[in-house]
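Q: Please take a close look at a single part of this model, the interface of chain B and chain A, and explain which polar contacts and other features the rule finds there.

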There are 2 protein chains.
Amino acid sequence: MKTIEVDEELYRYIASNTRHIGESASDILRRLLKLDEQLASVRRQPAPPVATAQGIHKILEQGELARQEAAIDRFMLILSELYKENPAAFAQASDIKGRKRIYFSDSEESLLAAGNTTKPKAIADSPYWVITNTNTGRKRNIVAQLMAAMGYSHGLIEQVCQSI
Amino acid sequence: MKTIEVDEELYRYIASNTRHIGESASDILRRLLKLDEQLASVRRQPAPPVATAQGIHKILEQGELARQEAAIDRFMLILSELYKENPAAFAQASDIKGRKRIYFSDSEESLLAAGNTTKPKAIADSPYWVITNTNTGRKRNIVAQLMAAMGYSHGLIEQVCQSI
DNA sequence: GAACGGATCGGGGGGATATTTC
DNA sequence: ACGAAATATCCCCCCGATCCGT
């Protein structure tokens with residue numbers, strides 16, 4: 001991170017273009033300057049086609065999920081499977097966040113920056129990281145939000161969360 | 001002068017756009033953002049012909065509104081969209097107020113000063129703030145008043161308020 | 001920042017409802 | 001004094017992250 005000086009008016013202009021709380025000056029400027037043009041146009045787009053959910057069914061049915069001792073292992077396994085099943089949908093859905101923490105990111109640092117002791121972990125077979133310092137209820141919650149945004153059915157979501 | 005933090009890449013991008021030695025970061029950003037032109041165009045007040053209402057229709061139809069969990073999120077999204085659709089009309093319409101509270105302002109302080117615990121929030125992509133400590137009925141009310149003053153049709157106003 | 005999982009509890013936001021004002 | 005409208009208190013629930021147990 002570098003520090004630069006900007007005049008009052010420019011500062012207010014930048015601040016007025018905040019999209020959501022906690023958005024950094026860098027993020028805002030990048031958007032305004034269209035620095036990541038191609039990425040931006042890909043995001044935000046059409047509804048994710050519901051995945052086949054084969055991988056999810058597989059870990060549910062052949063007990064791979066149940067075999068995990070701790071909630072966090074089940075949590076991480078599910079996330080990894082969700083990513084593999086539909087990377088594009090996962091990418092779109094993964095911008096869910098809490099009141100101040102960001103839940104997913106492609107970098108450990110940004111997760112650390114958005115909260116204290118968030119204990120980020122890398123999601124296996126994916127470029128993503130998740131926050132991990134949460135109780136089990138919230139882990140269920142995060143999975144439910146993610147799956148909903150990815151287009152999975154309510155029933156399957158319930159089933160998966162049940163088993164965390 | 002205020003200082004902001006920017007990431008490495010952005011910093012290099014800004015530096016690479018120096019026109020002459022000694023040019024300040026502020027100057028470069030102002031040029032890149034075309035800030036002076038933009039401010040001028042806002043000040044020019046280009047008569048508020050009823051906007052096309054494209055943005056409003058968009059968030060209504062493609063479910064972005066419905067996707068918001070809480071009433072306040074829908075409220076804030078609508079206001080942001082209304083501003084973007086017609087900044088000049090918004091500016092003129094936004095002086096609506098209650099018995100003692102001011103509803104909109106370009107500063108948090110003035111909203112705080114005009115009432116107790118008004119819980120002001122910044123409107124995304126705009127220089128405005130709104131009061132937030134109201135029940136849902138009043139939120140509808142505020143949106144209705146604002147849209148009416150901006151010249152939207154009764155039908156569309158009803159539709160939008162319904163969905164808050 | 002290094003053990004780690006995650007329950008528990010403090011803090012804060014949303015907004016219905018009680019209260020106040022006209 | 002009564003009703004309607006506006007205010008803002010206050011309760012509930014959600015989120016964060018400390019800290020306890022393993």
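A: Across the interface of chain B and chain A, the rule finds 13 residue pairs in polar contact, both residues at pLDDT 80 or more; a polar contact is a pair of N or O atoms within 3.5 Å, where, within protein, one must be able to donate a hydrogen and the other to accept it, and residues adjacent in sequence count only if both atoms are side-chain atoms. On chain B, the side that touches chain A draws at least two residues from each of strand E1 (2-6), helix H1 (8-15), helix H2 (25-33) and helix H3 (35-43), where helices (H or I, at least four residues) and strands (E, at least two) are DSSP runs numbered from the N terminus.

This is a predicted model, in which local features need pLDDT of at least 70 and side-chain atom pairs count only at pLDDT 80 or more, while totals for chains, interfaces and linings use all residues. Residues are numbered from 1 along each chain as its sequence is written, chains are lettered from A and ligands numbered from 1 in the order in which they are written, and side-chain values use heavy atoms, with hydrogens and water left out.

Between chain B and chain A there are also 6 salt bridges, each a side-chain nitrogen of Lys or Arg within 4 Å of a carboxyl oxygen of Asp or Glu, and one of them joins the side chains of A:Arg31 and B:Asp125 at 3.8 Å, N to O. Strand E1 (residues 2-6) of chain A pairs with E1(B) in the antiparallel sense over 5 bridges, pairing being called when DSSP finds at least two bridges between two strands, and A:Glu5 stands opposite B:Thr3 in E1(B).
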